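This report concerns a single protein chain. Its helices, its nonpolar core and selected residues are treated in turn.

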Amino acid sequence: MASLYGLLCEVAIHYENPVQLLQPVVRRIVSVMSEENIEADAFTDELAINKENAPTVARTIIASLQSLLKPLGAMAAACKYYQVKEAVEQDRIRHLIHSFYTDWRSRAVKLVSTLNLVLGCALPLTRVVLSVNTGEVLLSLLKDFYAVVDQTIKQVSHAGDDCPIQTVTKLTETICNELTPAVYSLIHLVQKPGSKDVHLKRQAKLIPDLIYTIEQYEATLIQVNKKTKGGINLTLSLKRSTARDFRIDGEKLSRRIEKREQSEEDESSKRRKESE
């Protein structure tokens, strides 16, 4: 059964809208693991997802979603917006290469919309009781997801009127209001007392790295608000300073964030000098 869903996932990741093929399977997994009564679905009923195979199918789906994040990350890295300080010069450039900005906005909308779809698949899985193995796989996916979202926000938030602000706001609000609290709950779930050494060793790296990517994402939202002088405020739903009972080196995390912010400032200063 798992191999059949593995084949489905292979097909899905090469499909034009891969997440749409995975959504009904995720809904079925969640319903089975939550013991909900849902309307029968010919496709998933035929492949008979049940309590025994649901965790295996869930891990297969999670792996497929994670494989989609790599090209999405590459797309985010390539989604660079050409901008100069002077408004008059920027308008002149927009008229000269109008097609560049039209294509850029189209790519940005597609990227953020796809991240919303990935979030729509991953979020329901955080709300069911998972085994430690499945929980760890999901946390790994979410670590990569936060990193891609962070990179995407940096690229699209400074594009002025070309920024797909409504789609971006929907993404960040859902993450801040629903995903991040669910992630902290999931971390508590997998950090069970008496876990095997293999889980303790895996979590010793995974959980601090995940929390660090969340902190980076939250710091980016604050930076965007400051750099755009409130023009794009994605911090309205941000809930920082959440009490966390996790084994993490706070001083090391702070140093890493400060180093990243200083590096970004240096790079921004270098770009300004080059443009001048």
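Helix H8 covers residues 165-190 and holds 26 residues; helices (H or I, at least four residues) and strands (E, at least two) are DSSP runs, numbered from the N terminus. The expected span of a helix is 1.5 Å times one less than its number of residues, so H8 should extend over 38 Å, and the 35 Å between its end C-alpha atoms agrees with this. At Ile 175, H8 bends by about 40 degrees, where the bend is the angle between axes fitted to the seven residues ending at a residue and the seven starting there.

The model is predicted: local features need pLDDT of at least 70 and side-chain atom pairs count only at pLDDT 80 or more, while totals for chains, interfaces and linings use all residues. Residues are numbered from 1 along each chain as its sequence is written, and side-chain values use heavy atoms, with hydrogens and water left out.

The protein chain contains ten helices and zero strands. Of its 276 residues, 44% are buried, a term that denotes under 20% relative accessible area, with exposed meaning over 50% and partly exposed in between (1.4 Å probe, protein chains only). The exposed surface of the chain is about 15100 Å², of which carbon and sulfur atoms supply 52%; these areas come from the Shrake-Rupley method with a 1.4 Å probe. Contact means heavy atoms within 4.5 Å. Among contacts with a separation of 6 or more, 77% join residues 24 or more positions apart.

A nonpolar core is a set of buried Ala, Val, Leu, Ile, Met, Phe, Trp, Tyr and Cys residues joined through side-chain atoms within 4.5 Å. The largest one has 68 residues, and Phe 145, Ile 175, Leu 179 and Val 183 have the most contacts inside it. Helices H2 (18-34), H4 (54-78), H6 (98-125), H7 (132-156), H8 and H9 (197-227) each supply at least two residues of this core. The largest share, twelve residues, comes from H6.

Ile 175 is thus both the site of the bend in H8 and one of the core residues with the most contacts. Not counting residues up to four places away in sequence, Ile 175 touches Leu 119, Phe 145, Tyr 146, Val 149, Thr 180, Pro 181 and Tyr 217.

Four buried residues are listed below.

| Residue | Relative accessible area |
|---|---|
| Leu 111 | 1% |
| Cys 79 | 2% |
| Cys 176 | 6% |
| Pro 18 | 12% |

Leu 111 lies in helix H6. Leaving aside neighbours within four places in sequence, Leu 111 is in contact with Leu 72, Met 75, Ala 76 and Thr 152. The C-alpha atoms of Leu 111 and Val 156 are 10.0 Å apart, with these positions 45 residues apart in sequence numbering.

Pro 18 is found in helix H2. Its C-alpha atom is separated by 9.5 Å from that of Val 118, although the two are 100 residues apart along the chain.

With a disulfide taken as a pair of cysteine sulfur atoms within 2.5 Å, the count is zero.
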